Amino acid sequence: MAHAMSDDQVAGELKKMTAFIRQEALEKAKEIQIKADEEFAIEKSKLVRQETSSIDSQYEKKLKQAGMSQQITRSTLANKTRIKLLSARQELLDDLFEKARGNLEGYTKDKGKYQELCKNLIMEGLYALNEDKVAVRARKEDYDVVKKAIESAKAEYKKTMNGREVQVQLDDKNPQPEGCSGGVSIVGTGGKVDINNTLDERLKMLETEALPMARTSLFGKNENRRFQD
């Protein structure tokens with residue numbers, strides 16, 4: 001038969017139960033706090049990673065934009081510099097050939113050399129046309145020199161072509177235009193073919209043919225140039 005507990009015993013049991021419940025509550029609260037701290041740390045780490053990734057992405061984007069902008073600026077400056085350099089080079093070459101053009105008039109004043117030149121220009125036309133009758137056009141002031149050059153050219157042509165003769169007539173009805181520096185035109189096929197051997201035209205040909213060589217002589221070889229003129 002069970003004995004009834006005294007008031008002291010009851011108070012003791014209640015104290016034990018209270019202490020147990022209090023300990024359980026403290027441990028539970030501690031577990032909740034630990035779990036909350038862990039969840040907070042995980043969420044904080046997640047947020048930090050997201051923000052870091054966002055910052056890195058924005059930085060890379062801005063860095064890329066800055067790099068592209070720098071490349072565009074560098075390319076623009078390089079192109080402007082190249083255009084200025086090419087323009088300066090072309091001006092120098094133009095000036096060079098312009099001076100050569102100005103010297104043509106002085107060359108025609110030496111009648112002996114000029115007559116020989118006209119003869120060679122006429123001969124070139126005779127060989128090219130290979131016809132029995134041609135006309136020669138010249139400046140009015142050169143008629144006397146050109147007439148002598150024609151006779152010399154006819155004689156040399158006959159000699160080099162094994163006796164074949166050619167009729168060469170000075171076309172005094174169609175002189176070279178005003179401003180022509182000299183030289184001749186040889187016309188054949190009834191006026192349909194005109195070989196322009198004027199000094200102005202020969203200088204133009206020289207500009208085209210000699211331009212690559214003149215460019216190299218003045219400015220050196222361009223290592224970046226894939227094809228040569």
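Trainee: How do the residues lining the second largest pocket divide into nonpolar, polar and charged?

Mentor: Bear in mind that this is a predicted model. The lining is made of Leu104, Tyr107, Leu117, Leu121, Leu199, Arg202, Leu203, Met205, Leu206 and Glu209. Arginine and glutamate count as charged, while Leu, Met and Tyr count as nonpolar. That leaves us with eight nonpolar, no polar and two charged.

Trainee: Which element gives the most to the lining of that second largest pocket?

Mentor: The pocket holds about 220 Å³ of space. Elements giving two or more residues to its lining are H2, H3 and helix H5 (199–219). With six residues, the top contributor is H5.

Trainee: Okay, over to threonine 108. Is it buried or exposed?

Mentor: Threonine 108 sits in helix H2, which covers residues 104–108. Leaving aside residues up to four places away in sequence, it touches Tyr114, Arg139, Ser181 and Leu199. Its relative accessibility is 6%, and the cut-off for buried is under 20%, so threonine 108 counts as buried.

Trainee: What span should H3 have, at 1.5 Å a residue?

Mentor: H3 runs over residues 111–129, and that makes 19 residues. The expected span uses one less than the number of residues. The end C-alpha atoms of H3 are 27 Å apart, which agrees with the expected 27 Å.

Trainee: And just after H3, which residue takes a positive phi?

Mentor: H3 covers residues 111–129, and Leu129 is one of its buried residues. Just after the helix, a positive phi of about 55° is taken by asparagine 130.

Trainee: Is the pair of tyrosine 127 and tyrosine 157 stacked, edge-to-face or tilted?

Mentor: A search of the whole structure turns up one aromatic pair. Its ring centres, in tyrosine 127 and tyrosine 157, are 5.6 Å apart, and the planes meet at 40°. Stacked needs under 30 degrees and edge-to-face over 60, so this pair is tilted.

Trainee: How many residues apart in sequence are the parts that this pair ties together?

Mentor: Tyrosine 127 belongs to helix H3 (residues 111–129). Tyrosine 157 belongs to helix H4 (residues 143–160). The pair therefore ties together parts whose separation in sequence is 30 residues.

Trainee: Last one: which tyrosine of the pair is buried, with a relative accessible area of 1%?

Mentor: Buried means under 20% relative accessible area. Tyrosine 127 has 39%, so it is partly exposed. The one at 1%, and therefore buried, is tyrosine 157.

Technical notes. Residues numbered from 1 in each chain as written. Predicted model: local features only at pLDDT ≥ 70, side-chain atom pairs only at ≥ 80, totals over all residues. Heavy atoms only, no water. Helix = DSSP H or I, 4+ residues; strand = E, 2+ residues; numbered from the N terminus. Buried < 20%, exposed > 50% of the residue type's maximum accessible area, 1.4 Å probe, protein only. Contact = heavy atoms within 4.5 Å. Phe/Tyr/Trp six-rings, centres within 6.5 Å; stacked < 30°, edge-to-face > 60°. 1 Å grid on protein atoms, 1.4 Å probe; cavity = no way out; pocket = protein on both sides within 12 Å on 5 of 7 lines; lining within 4 Å. Points joined across faces, edges and corners; volume = space filled by probe spheres on them.
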